[in-house]
Amino acid sequence: RGSTQIMTGTRSTSTRLWQLELPNQAHTTATLREQAHAAVGHSTPADLVAFAHGSLFFPVLSTLEKALQDDILPAFPGLTLATLRKYPP
């Protein structure tokens with residue numbers, strides 16, 4: 001893969017989140033789209049359920065279960081009704 005640096009930023013010591021200065025689109029030739037991605041490595045099913053639960057701001061498990069039953073959640077790797085019931089966070 002290429003080694004072209006496309007963005008730099010600093011990491012907040014208090015929140016541990018990356019802070020990026022986005023270039024003004026008027027000064028770039030590429031079109032930027034706003035996106036967010038999760039980087040999830042090789043994790044256990046319990047880790048994936050816990051990650052999804054935390055990403056959704058720790059809802060009550062019955063609420064999360066209902067949302068999974070009604071199929072109203074975006075896709076979270078490893079989060080299914082079966083894994084939630086087997087590995088509740």
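## Helices, core and salt bridges in a predicted model

Me: Glad to look through this predicted model with you. How far apart are the closest N and O atoms in the salt bridge that Asp 70 forms with Lys 66?
Reply: Both partners have some access to the surface: Asp 70 counts as partly exposed at 41% relative accessibility, and Lys 66 is partly exposed at 45%. The salt-bridge limit is 4 Å from side-chain nitrogen to carboxyl oxygen. For Asp 70 and Lys 66, the closest N and O atoms are apart by 2.8 Å.

Me: And how many salt bridges does a search of the whole structure find?
Reply: Side chains of opposite charge can pair when their charged atoms come close. One such pair is Asp 70 with Lys 66, and Glu 65 with Arg 85 is also a salt bridge. For the whole structure, the search gives a count of 2.

Me: Which helices hold Glu 65 and Arg 85?
Reply: Their side chains meet in a salt bridge at 2.9 Å, N to O. This pair links distant parts of the chain, with the two positions 20 residues apart in sequence numbering. Glu 65 is partly exposed at 24% relative accessible area, and Arg 85 is partly exposed at 49%. Glu 65 belongs to helix H2, and Arg 85 to helix H3.

Me: Let's stay with helix H2: which of its residues are buried?
Reply: To count as buried, a residue needs a relative accessible area under 20%. Glu 65, at 24%, is partly exposed. Within H2, which spans residues 61–69, the buried residues are Leu 64, Ala 67 and Leu 68.

Me: Why do the buried residues of H2 line one face of the helix?
Reply: An α-helix has 3.6 residues a turn, so residues three or four places apart point the same way. The buried residues here are Leu 64, Ala 67 and Leu 68. Seen down the axis of H2, they line one face because they fall within an arc of 100 degrees.

Me: Which helices are included in what covers the buried residues of H2?
Reply: The chain has 3 helices and 2 strands, following the pattern β-β-α-α-α along the sequence. The cover over the buried residues of H2 includes helix H1 (45–55) and helix H3 (81–86).

Me: Which residues make up the largest nonpolar core?
Reply: This core has 7 residues, and H1 and H2 each supply at least two of them. Two of the buried residues of H2, Leu 64 and Leu 68, are among its members. The full set is Val 49, Ala 52, Leu 64, Leu 68, Phe 76, Leu 79 and Leu 84.

Me: Leaving aside neighbours within four places in sequence, which residues is Val 49 in contact with?
Reply: Val 49 is one of the residues of the largest nonpolar core. Core members Leu 79 and Leu 84 are both among its contacts. The whole list is Gly 78, Leu 79, Thr 83, Leu 84, Tyr 87 and Pro 89.

Me: Is Thr 83 buried or exposed?
Reply: Thr 83 lies in helix H3, where its side chain reaches the backbone nitrogen of Thr 80 at 2.8 Å. Not counting residues up to four places away in sequence, Thr 83 touches Val 49 and Gly 78. Its relative accessible area is 16%, so Thr 83 is buried.

Me: Last one: what share of the 89 residues in the chain is buried?
Reply: The chain exposes about 7,700 Å², with 56% of that area supplied by carbon and sulfur atoms. Of the 89 residues, the buried share is 15%.

How values were computed. Residues are numbered from 1 along each chain as its sequence is written. This is a predicted model: local features need pLDDT of at least 70, side-chain atom pairs count only at pLDDT 80 or more; totals for chains, interfaces and linings use all residues. Side-chain values use heavy atoms; hydrogens and water are left out. Buried means under 20% relative accessible area, exposed over 50%, partly exposed in between (1.4 Å probe, protein chains only). Helices (H or I, at least four residues) and strands (E, at least two) are DSSP runs, numbered from the N terminus. The arc is that of the directions from the helix axis to the C-beta atoms. Contact means heavy atoms within 4.5 Å. A nonpolar core is a set of buried Ala, Val, Leu, Ile, Met, Phe, Trp, Tyr and Cys residues joined through side-chain atoms within 4.5 Å. Accessible areas come from the Shrake-Rupley method with a 1.4 Å probe; for residues, only the protein chains shown count as cover. A polar contact is a pair of N or O atoms within 3.5 Å; within protein, one must be able to donate a hydrogen and the other to accept it, and residues adjacent in sequence count only if both atoms are side-chain atoms.
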